[in-house]
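Please look over the sequence and the model shown here. The briefing that follows takes the chain as a whole, then one helix, one sheet and a few single residues.

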Amino acid sequence: MRVSVALFTAMRAVPKALVQRHLPIVLGSVLVDEDAATVSPKLQLSSLQMEIKGQIRHFLVAADPKVFPGRTPRSDSVLGVGGATNSLLAWAPRNDVSSVLDLGCGGGVQALAAGMHARHVVGTDILGRALDIARINAALNTDLVVTGRVGTPATAALPQTAAQSAKNRRNATVLALTGKRATKGDVTPACNKFQWLQGDMLAPEAGRTFDLVVSNPPFVIEPAGSLTYRSGGRPGDSLIGELVRGIPAVLAEDGCAALILNWEVRGDWQQPWQQWLQGLPLDAWVGRRELLEPWQYVQMWLRDEGLTPDNPQYQQRFTAWVQDFAERSVSGIALGYVLLRKNSGQVVRRFEDAAGRAPTSEYAEHLWAVFRRASAGGLRQDSLEKSQFVVPRDVTEERYYRPGAEHPNVIMYHQGGGTGRQEQVDTALTGLLGACDGTMSIGTIIDALAQLLGQDRTALTDQLIPTVRDFYWWGFLRDRSEAVDCNDSDA
């Protein structure tokens, strides 16, 4: 263990004799350089735990070392598990699907996660070196026993004991790092569900469609960016527009794309998306997470590449970068989450402030269901009145009273999931939400409320239905058939 930590966590050279004694598997592999006396790491290993649909997996991820102040990353760096990686891992929907595309896959972390709920995963990147590391990661994390020998097609997965799993992981690691079988008769690693293709943007996927696309593309908006892993080589945010316009060609009907992006703002932050989406067969949910001023954005990404204010290059780069934004009338840069769905019918678009909390895959799955419902006319008033909704358990109610008052003067609903919204509600809406247990339709609840409150039924419907629609979008209400962690889930 100490040898592993010294090599692949601390990134220190280790005497070769120690490696031969405690970790011989890495000798002669792509992970290290070695001479007669020492072994030095070329890549850093980190651990990642993922839980998808109740299944927990622990991944081992190889990548370039993290960048610290004063160190400049190589132009073809392959990042490990960082903030943006974790954000996309958390955001991507985890529905069981046939095929997933990890666009701009880097070291393949998103592809590995997708492998837990997809039958086939394609990872693409413009950097051949990134694909090499993705292949290593796929093999390092293979723990299925598959029939057949090396060089023959895999035919079936077999049940395995803990010892078999450990043996197979070791054999897969040997194959990944050295290209050699560990012992005679070893089985093949089951990493054949992954395919790695090199090319720019959507070019490698021409003619193919997928049920799910996940991407954290090189979205950093900078003049003449030299770091391929974060700079797309296009002026401004034109890469984002190019990606959005190309997405319909690689999505199957009803397929979704989960993206994390930056885009330039000149006034209304929604305006670029309205232009990019115009005429496209895409439903869209766009959540703005942050809105940074140009100088804040520049500072953030200069730190990302290891530059600090005491570095002579810092002020020069800072000034040129901010000046570029000013010359193009950019007032801010938005950072956000996007879910797109291929829909050849009537499309629906939704723009939200998602500053409350980062949305998760559970909310992305809900939005996917909302898109489908909207396509079937399920958000019309007549359909909503027939719907049986439930309130998820992450939703809580808070009431404020004046001293001695019998009734609250403020009622708030708080959301633990979704985007962490907080909404003030009135008496009628409180009554409706309290009655949403999945047994009565919205129309039936409104009938009862109209009688209880002594209000006109039509007027009360006109008041409540638009809010019910919003609350369904936001996740305060869920369809009974969709709900998993809701009030009736124990029934």
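A residue is called buried under 20% relative accessible area, exposed over 50%, and partly exposed in between, with a 1.4 Å probe and protein chains only. This is a predicted model, in which local features need pLDDT of at least 70 and side-chain atom pairs count only at pLDDT 80 or more, while totals for chains, interfaces and linings use all residues. Residues are numbered from 1 along each chain as its sequence is written, and side-chain values use heavy atoms, with hydrogens and water left out.

**Whole chain**

- Of the 491 residues in the protein chain, 50% are buried.
- The secondary structure consists of 15 helices and 21 strands; these are DSSP runs numbered from the N terminus, helices being H or I over at least four residues and strands E over at least two.
- About 22,500 Å² of the protein chain is exposed, and 51% of this area comes from carbon and sulfur atoms; accessible areas come from the Shrake-Rupley method with a 1.4 Å probe, and for residues only the protein chains shown count as cover.
- Contact means heavy atoms within 4.5 Å. Of the contacts between residues at least 6 apart in sequence, 69% join residues at least 24 apart.

**Confidence**

- The mean pLDDT (the predictor's confidence in each residue, from 0 to 100) of the protein chain is 84, and 84% of the residues reach 70 or more.
- Over residues 144–162 pLDDT stays under 50, and the model has 40 contacts beyond four places in sequence for them.
- Residues 486–491 also have pLDDT under 50, with 13 contacts beyond four places in sequence.
- Where pLDDT is low, the predicted coordinates should not be read in detail.

**Helix α7 and Val244**

- Helix α7 covers residues 238–250 and contains Val244.
- The end C-alpha atoms of α7 are 19 Å apart, which agrees with the 18 Å that its 13 residues should span at 1.5 Å a residue; the expected span is 1.5 Å times one less than the number of residues.
- Val244 is buried because its relative accessible area is 0%.
- Leaving aside residues up to four places away in sequence, Val244 touches Trp273, Trp276, Leu277, Leu280 and Leu282.
- Val244 and Leu259 lie 15 residues apart along the chain, and their C-alpha atoms are separated by 9.9 Å.
- The buried residues of α7 are Leu239, Ile240, Gly241, Leu243, Val244, Gly246, Ile247, Pro248 and Val250.
- The cover over these buried residues includes the strands β6 (97–103), β12 (210–215), β13 (251–265), β14 (282–292) and β15 (332–342), together with helix α8 (271–277).

**Sheet β1-β3-β2**

- Three strands, in the order β1-β3-β2, make an open sheet with antiparallel pairing; two strands pair if DSSP finds at least two bridges between them.
- β1 (14–15) and β2 (32–34) are the edge strands, each pairing on one side only.
- β2 and β3 (residues 38–41) run antiparallel and are joined by three bridges.
- Glu34 stands opposite Val39 in β3.

**Cysteines and Ser383**

- The count of disulfides is zero, a disulfide being a pair of cysteine sulfur atoms within 2.5 Å.
- Cys256 is buried because its relative accessibility is 0%.
- Cys436 is buried because its relative accessibility is 2%.
- Ser383 belongs to helix α12 (residues 381–386) and counts as buried at 19% relative accessibility.
- Beyond four places in sequence, Ser383 touches Arg373, Gly377 and Gly378.
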